[in-house]
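Before reading on, take a moment to look over the sequence and the fold together. The paragraphs below go through one part after another, and it helps to find each part in the picture as it is named.

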Amino acid sequence: MLGMHDFTGPSPGPTRRRWLLSALAAFGSGFMPAVQAAYLVRPWDAAKPVPHLELNDLSGKPWSLASARGQVVVMNFWATWCEPCRAEMPSLELLAQRHESDGVSVVAINYQEPLPAIRRFLEAQPVTLPILLDRDGAMTNAWTPKVFPSTVLIDRKGQPRHIVLGELDWTGAVARDLVGPLVAAAKG
């Protein structure tokens with residue numbers, strides 16, 4: 001399986017998967033294909049303005065990227081119908097647990113799904129990560145190239161550093177190489 005979905009539907013067929021991978025690989029020279037093409041890592045385009053991000057969690061409590069300044073933030077954009085998103089969630093949970101004392105905050109930003117669908121998912125696969133609701137899809141569209149899952153890594157100064165397109169094992173070496181330098185950077 002490719003390890004990512006586009007926004008147009010729950011399951012692209014083999015032809016669409018090949019096209020999507022080709023399109024992503026050709027999208028820019030900043031892309032670095034990974035083993036078995038399950039994900040792509042690219043640096044954040046420093047020329048692109050940092051989008052605002054403020055969403056509510058499942059209980060209605062507001063969360064903003066600005067309030068997380070001073071922490072490393074891992075923002076995962078996902079949907080319950082996305083198989084690679086579901087597969088990736090346990091390793092994101094472990095990343096959050098392992099780096100909690102290092103000032104790492106992992107948030108899962110759900111794309112336009114109703115609360116009952118999200119709650120059914122959480123009953124089947126309990127997650128303690130903050131789940132933020134992108135009800136109209138505006139935040140997902142501002143931050144990602146419309147591929148699920150997409151994960152944006154933010155440094156302690158609130159600057160995006162990398163975007164990971166597709167499913168990544170967040171307990172593996174690639175994730176350590178991405179998150180480690182952000183954690184090691186001086187706070188403040």
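What follows is a walk through a strand and its partners, then a disulfide, and then a pocket. Please keep in mind throughout that this is a predicted model.

We can begin with strand β10, which covers residues 150-154 and is mostly covered, since five of its five residues are buried. To see how this works on each side of the strand, it helps to recall that in a regular strand the side chains alternate between the two faces of the sheet. In β10, Ser150, Val152 and Ile154 lie on one side while Thr151 and Leu153 lie on the other, and as these residues are all buried, both faces of the strand are covered.

Which strands pair with β10? One partner is β6, made of residues 72-78, which runs antiparallel to β10 and is joined to it by five bridges. Within this pairing, Val73 has Ile154 of β10 as its bridge partner, and Ile154 is also one of the buried residues just described. The other partner to follow is β11, residues 160-166, which pairs with β10 in the antiparallel sense, again over five bridges. Here Thr151 finds its bridge partner in Val164 of β11. Between the two strands of the β10 and β11 hairpin there are five residues, and in this hairpin Gly158 takes a positive phi near 85°.

From the strands we turn to the cysteines. A search of the whole structure finds one disulfide, and it is formed by Cys82 and Cys85, whose sulfur atoms are 2.4 Å apart. The pair counts as a disulfide because the cut-off for the two sulfur atoms is within 2.5 Å. The link of Cys82 and Cys85 is right-handed, with 80° about the S-S bond, and both of these cysteines are buried.

The last stop is the largest pocket, which holds about 170 Å³ of space. Which elements each supply at least two residues of its lining? They are α2, spanning 83-99, and β7, spanning 104-111, and the largest share, four residues, comes from β7. Among the lining residues are Trp63, Glu93, Gln97 and Glu100, together with Val104, Ser105, Val106 and Val107, and also Thr128, Leu129 and Pro130. Sorted by the character of their side chains, the residues of the lining divide into seven nonpolar, three polar and two charged.

How values were computed. Residues numbered from 1 in each chain as written. Predicted model: local features only at pLDDT ≥ 70, side-chain atom pairs only at ≥ 80, totals over all residues. Heavy atoms only, no water. 1 Å grid on protein atoms, 1.4 Å probe; cavity = no way out; pocket = protein on both sides within 12 Å on 5 of 7 lines; lining within 4 Å. Points joined across faces, edges and corners; volume = space filled by probe spheres on them. Nonpolar A, V, L, I, M, F, W, Y, C, P; charged D, E, K, R; others polar. Buried < 20%, exposed > 50% of the residue type's maximum accessible area, 1.4 Å probe, protein only. Pairing = 2+ DSSP bridges.
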